[in-house]
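User: I am a first-year student, and I would like to learn how the words used for a protein model are tied to its values. Could you take me through this one step by step?

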Amino acid sequence: MTSTMEWIRRTYDVPARHGMRIEYDGKPATIVGAGGGYLRFRIDGEKRRTVGHPCYRIVYPAVPEPARPRGWCQCCLKDRAMTKDCVMGNHRWYGRNWSEQCPGSGKFPWKPVRNLTHPGEQRQVAA
Ligand SMILES: [Zn+2]
């Protein structure tokens, strides 16, 4: 099963993870979960959780570039390391047979993994 958080990362090119510190509408917050394509997070000092679109007024922390570029495998749709030839590195998959090499190994990724910090709509800041 694919987690919703992974779906959000793959769909919106953001580095969202459980427990990640983000900024929502200029306020510091912590991601506490995901569901239905939306993020759940708790703004510092607030008791209630807020539900928001992953690309609406959220600023994600910058994630350091990995030593090897990563891509979303077009076969297993997982975040995997790529080779220097820009194809998916060898990896196993857990679809039918869990010792099988993923058929996506050695192929081009569905798309590269990106970690956008300011996706989508942001509050307009007066210059
Ligand atoms: Zn794969």
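Analyst: Let us begin at the end of a helix, keeping in mind that this is a predicted model. Just after helix H1, Asp13 takes a positive phi of about 60°. Helix H1 itself covers residues 4-12.

User: Which residues of H1 are called buried, and what makes them so?

Analyst: Met5, Glu6, Ile8, Arg9 and Arg10 of H1 are buried, and the word is used because each of them falls under 20% relative accessible area. What covers the buried residues of H1 includes strands S2, S3, S6, S7 and S8.

User: Where does H1 lie with respect to S6, S7 and S8?

Analyst: H1 lies across S6, S7 and S8, and it runs at about 100° to S6. These strands make up an open sheet of three, in the order S7-S6-S8, with antiparallel pairing. Strand S7 (79-81) and strand S8 (111-112) are the edge strands, since each pairs on one side only.

User: How do you know that S6 and S7 count as paired?

Analyst: Two strands pair if there are at least two bridges between them, and S6 (residues 70-72) and S7 are joined over three bridges in the antiparallel sense, so they count as paired. Within this pairing, the bridge partner of Trp72 is Asp79 in S7.

User: What is the order of the strands in the sheet of five, and which are its edges?

Analyst: The five strands form an open sheet in the order S4-S3-S2-S1-S5, and the pairing is antiparallel. Its edge strands are S4 (50-52) and S5, each of which pairs on one side only. H1 packs on this sheet too, touching S2 and S3 (38-43), and its direction makes about 115° with that of S2.

User: What makes S1 a partner of both S2 and S5?

Analyst: The requirement is at least two bridges. Four bridges join S1 to S2 (residues 27-35), and the two strands run antiparallel, while S1 and S5 (residues 58-59) pair in the antiparallel sense over two bridges; both pairings therefore meet the requirement. Arg21 stands opposite Thr30 in S2, and Tyr24 stands opposite Ile58 in S5. S1 and S2 also form a hairpin with two residues between them, and Asp25 in the turn has a positive phi of about 55°.

User: Why is Glu23 called partly exposed?

Analyst: Glu23 has a relative accessible area of 39%. A residue is buried under 20% and exposed over 50%, and the value for Glu23 lies in between, so Glu23 is partly exposed. Glu23 lies in strand S1 (residues 21-24), whose uncovered face holds Arg21 and Glu23, whereas Ile22 and Tyr24 form the covered one. Not counting residues up to four places away in sequence, Glu23 touches Pro28, Arg57, Ile58 and Val59.

User: What is the volume of the largest pocket, and which classes of residue line it?

Analyst: The largest pocket has a volume of about 320 Å³. Of the 16 residues that line this pocket, Val63, Pro66, Arg70, Val113 and Asn115 are the closest to its centre. By class, the lining has nine nonpolar, one polar and six charged residues. Val63, Pro66 and Val113 count as nonpolar because Val and Pro belong to that class, while Arg70 counts as charged and Asn115 as polar.

Definitions and conventions:
Residues numbered from 1 in each chain as written. Predicted model: local features only at pLDDT ≥ 70, side-chain atom pairs only at ≥ 80, totals over all residues. Heavy atoms only, no water. 1 Å grid on protein atoms, 1.4 Å probe; cavity = no way out; pocket = protein on both sides within 12 Å on 5 of 7 lines; lining within 4 Å. Points joined across faces, edges and corners; volume = space filled by probe spheres on them. Contact = heavy atoms within 4.5 Å. Axes fitted to C-alpha atoms, helices over the stretch in contact; angles between N-to-C directions. Buried < 20%, exposed > 50% of the residue type's maximum accessible area, 1.4 Å probe, protein only.
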